[in-house]
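Please walk me through this model in the viewer, stop by stop. Tell me what to select and what is there.

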Amino acid sequence: MPGARAARLSGLRAQIAALEAGTRSLNPVLPFGDERVDGCLAGGGLALSRWHELGGEGAEIETAACVAGFVAALARPLAARGEIVWVLRRDDLFAPGLAGMGLPPDRLIQVCARDEAQALGAVEDALGTAGVAAVVGEVEAVSLVAGRRLQLACERHGATGLVIRRRPFGGKAKGSASGSASATRWTVGPAPSGGDQPWLGPPRWRVGLERSRGGRTGAWIMELNEASDEPHPFRVVADLAGGDLAAEEPARLTA
């Protein structure tokens with residue numbers, strides 16, 4: 001009896017794994033073009049028709065300037081599929097700066113919400129609207145219920161959600177249950193540009209993948225791929241191990 005029971009359990013696990021693998025293969029993804037990143041993401045890239053959570057540390061929790069630049073570059077390939085809606089809590093988005101990251105201004109729709117509830121509602125409505133490829137939402141926190149609503153809205157027309165965690169100036173951070181609802185969770189911070197004159201090089205970010213549903217975590221230095229005809233918006237410059245650069249670039253960062 002114990003042997004038959006173990007066999008049945010093994011068979012059920014195999015069936016579940018096959019179903020999960022088949023489901024993942026049907027989901028479109030946006031690859032980063034580097035196996036070091038894509039290998040950490042289920043399906044080999046950032047899952048589309050899902051929503052993802054991104055945030056910064058320190059002052060970035062309030063200003064979100066660095067994270068906004070990263071998200072604008074990430075949304076660049078999606079702009080070819082439809083409109084990009086950006087939902088704000090404060091009217092401080094600098095559209096020319098987003099264009100510098102490759103996001104076409106004629107594809108950008110800005111919406112300014114008066115409070116957290118209105119911002120989440122606007123993100124959900126935009127995700128469920130035909131013709132919208134991606135929605136960026138600046139919110140303080142996403143509850144589990146709100147996260148499920150966002151996912152259902154993503155699935156309605158295949159839009160992708162990019163939620164930026166942004167705390168109001170001087171406010172206290174709220175707890176978030178979004179870790180169990182978002183497909184991935186990232187932290188983004190600034191990194192010095194490369195070359196002899198770092199301030200003249202392409203923008204770079206310290207990017208950490210804190211959670212990846214069906215995948216694994218990782219951390220890298222990424223650089224903006226400025227070639228607009230390239231499908232991948234970033235180049236991976238180096239891996240991060242324990243918060244420090246791997247051996248590729250120690251001299252430049254310590255200079």
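The tour goes from the whole chain to single strands, a helix, the cores and two cysteines.

**Whole chain.** Keep in mind that this is a predicted model. Show the cartoon first: the chain has eight helices and twelve strands. Colour by burial next. Of the 255 residues, 45% are buried. Switch to the surface, where the chain exposes about 12,400 Å². Carbon and sulfur atoms supply 56% of that area. Contacts reach far along the sequence: among those with a separation of 6 or more, 64% link residues 24 or more positions apart.

**Strand β7.** Select residues 160–165, which form β7. Five of its six residues are buried, leaving the strand mostly covered. Now bring in its neighbours. Add residues 51–55, strand β3, which runs parallel to β7 and is joined to it by four bridges. Find Glu53 here; Val163 of β7 stands opposite. Then add residues 132–139. This is β6, also parallel to β7, with six bridges between the two. Val136 has Leu162 in β7 as its bridge partner. Follow the chain out of β6: it passes through helix α7, residues 144–157, and enters β7. This β-α-β crossover is right-handed.

**Helix α4.** Which part of the structure encloses helix α4? Select residues 65–75 and look around them. Ten of the eleven residues are buried, so the rest of the structure largely encloses the helix. The buried stretch includes Cys66, Phe70, Val71 and Leu74. Gly69 is also one of the buried residues.

**The cores.** Show the side chains of Trp86 and Trp186. They have the most contacts inside the largest nonpolar core, a set of 43 residues. Colour the contributing elements: α4, β4 (83–88), β6, β7, β8 (184–191), β9 (204–212), β10 (218–224) and β11 (234–241) each give at least two residues. Helix α4 has the largest share, with nine. Apart from this core lies another, of 21 residues. To locate that one, select Trp51, Ala113, Val142 and Ala153, which are among its members.

**Two cysteines.** Finish with Cys112 and Cys154. Which is buried and which is partly exposed? Cys112 has 46% relative accessibility, so it counts as partly exposed. Cys154 sits at 0%, and therefore counts as buried. Do not look for a disulfide in the chain: the count is zero.

Technical notes. Residues are numbered from 1 along each chain as its sequence is written. This is a predicted model: local features need pLDDT of at least 70, side-chain atom pairs count only at pLDDT 80 or more; totals for chains, interfaces and linings use all residues. Side-chain values use heavy atoms; hydrogens and water are left out. A disulfide is a pair of cysteine sulfur atoms within 2.5 Å. Buried means under 20% relative accessible area, exposed over 50%, partly exposed in between (1.4 Å probe, protein chains only). Contact means heavy atoms within 4.5 Å. Accessible areas come from the Shrake-Rupley method with a 1.4 Å probe; for residues, only the protein chains shown count as cover. Two strands pair if DSSP finds at least two bridges between them. A crossover is right-handed if, with the strands pointing away from the viewer, the path from the first strand over the helix to the second runs clockwise. A nonpolar core is a set of buried Ala, Val, Leu, Ile, Met, Phe, Trp, Tyr and Cys residues joined through side-chain atoms within 4.5 Å.
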